[in-house]
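Thanks for making time. I will go through one chain this morning, starting with a single helix and working outward from there.

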Amino acid sequence: MALYYIYSSLGALSENNVSESVSLFSCAITAHTTFKNFCEVIQAELGESPNQKVDMREAGKKGGSARAEKYKKLEEIAVAMYEAGNYKSMRQAALKITPDLFDKARTLGISLSESNAERTAYDWIRKSK
């Protein structure tokens, strides 16, 4: 909303309407202040300090860890299937176990990309060595 008033203020200024430009710019400041106060009230309700900064790196790491945890069980199953079989190579094992891995993923409620499943299985197997 504040940007709308700023753009309008600039438009009025370009038409040499200084008083209208000042009035619109004042509205922009009021809109910004109102929004800032609203954000501070919400942060207070959430128990956060208004000056508290979110560590995006930490937030991303937390989300990544939660996602990795979801796939950990499936990775363990893939490695166990590899170790239980007799394969000439890790690549052959990944190709052979992928269909069974899909079934296990569905059973566990985990989505597994069909286009990337063989590479994922191969990476898990390789990582276990």
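Start with the face of α5 turned away from its buried side: the exposed residues there are Arg-119 and Lys-127. Please keep in mind that this is a predicted model. Helix α5 runs from residue 117 to residue 128, twelve residues in total. From first C-alpha to last it reaches 17 Å, close to the 16 Å expected at 1.5 Å a residue.

Now turn the helix over. Which residues of α5 are buried? They are Ala-117, Thr-120, Ala-121, Trp-124 and Ile-125. Looking down the axis of α5, these buried residues fall within an arc of 130°, so they line one face of the helix. As background, an α-helix has 3.6 residues a turn, so residues three or four places apart point the same way.

What covers that face? The cover over the buried residues of α5 includes α3, residues 56–84, and α4, residues 90–108. I will take α4 before α3.

Two neighbours in α4 are worth a look. Thr-98 sits in this helix, and so does Pro-99. Is Thr-98 buried or exposed? Thr-98 has a relative accessible area of 5%, and because the cut-off for buried is under 20%, Thr-98 counts as buried. Leaving out residues up to four places away in sequence, Thr-98 touches Ala-117, Glu-118 and Ala-121. Ala-117 and Ala-121 are among the buried residues of α5 that I listed a moment ago. Pro-99 has a relative accessible area of 46% and is partly exposed. Between Pro-99 and Glu-114 there are 9.6 Å, C-alpha to C-alpha, at a separation of 15 residues in sequence.

On to α3. Met-81 belongs to this helix. Its contacts, with neighbours within four places in sequence set aside, are Tyr-87, Ile-97, Asp-100 and Leu-101. The C-alpha atoms of Met-81 and Ala-93 are 8.5 Å apart, with the two positions twelve residues apart along the chain as the separation.

Also in α3 is Lys-72. Lys-72 is partly exposed, at 37% relative accessibility. Its C-alpha atom is separated by 9.8 Å from that of Trp-124, a residue 52 positions away along the chain.

Trp-124 brings me to the largest pocket. Which residues lie nearest its centre? Arg-67, Tyr-71, Leu-112, Thr-120 and Trp-124 do, out of a lining of 14 residues. The elements giving two or more residues to that lining are α3 and α5. The largest share, six residues, comes from α3. By type, the lining divides into five nonpolar, five polar and four charged residues. The space in this pocket is about 250 Å³. Thr-120 and Trp-124 therefore appear twice in this talk: both are on the list of buried residues in α5, whose buried set lines one face of the helix, and both are on the list nearest the pocket centre.

Last, the chain as a whole. How many helices and strands are there? There are five helices and zero strands, and the pattern along the sequence reads α-α-α-α-α. Of the 129 residues in the chain, 22% are buried. Among contacts with a separation of 6 or more, 51% are between residues 24 or more positions apart.

That is what I have; I am happy to take questions.

Notes:
Residues are numbered from 1 along each chain as its sequence is written. This is a predicted model: local features need pLDDT of at least 70, side-chain atom pairs count only at pLDDT 80 or more; totals for chains, interfaces and linings use all residues. Side-chain values use heavy atoms; hydrogens and water are left out. Helices (H or I, at least four residues) and strands (E, at least two) are DSSP runs, numbered from the N terminus. The expected span of a helix is 1.5 Å times one less than its number of residues. Buried means under 20% relative accessible area, exposed over 50%, partly exposed in between (1.4 Å probe, protein chains only). The arc is that of the directions from the helix axis to the C-beta atoms. Contact means heavy atoms within 4.5 Å. On a 1 Å grid over the protein atoms alone, a cavity is a set of points where a 1.4 Å probe fits but cannot get out, and a pocket is an open set with protein on both sides within 12 Å along at least five of seven lines; lining residues have an atom within 4 Å of a point. Grid points are joined across faces, edges and corners, and a volume is the space filled by probe spheres set on the points. Ala, Val, Leu, Ile, Met, Phe, Trp, Tyr, Cys and Pro count as nonpolar, Asp, Glu, Lys and Arg as charged, and the others, Gly among them, as polar.
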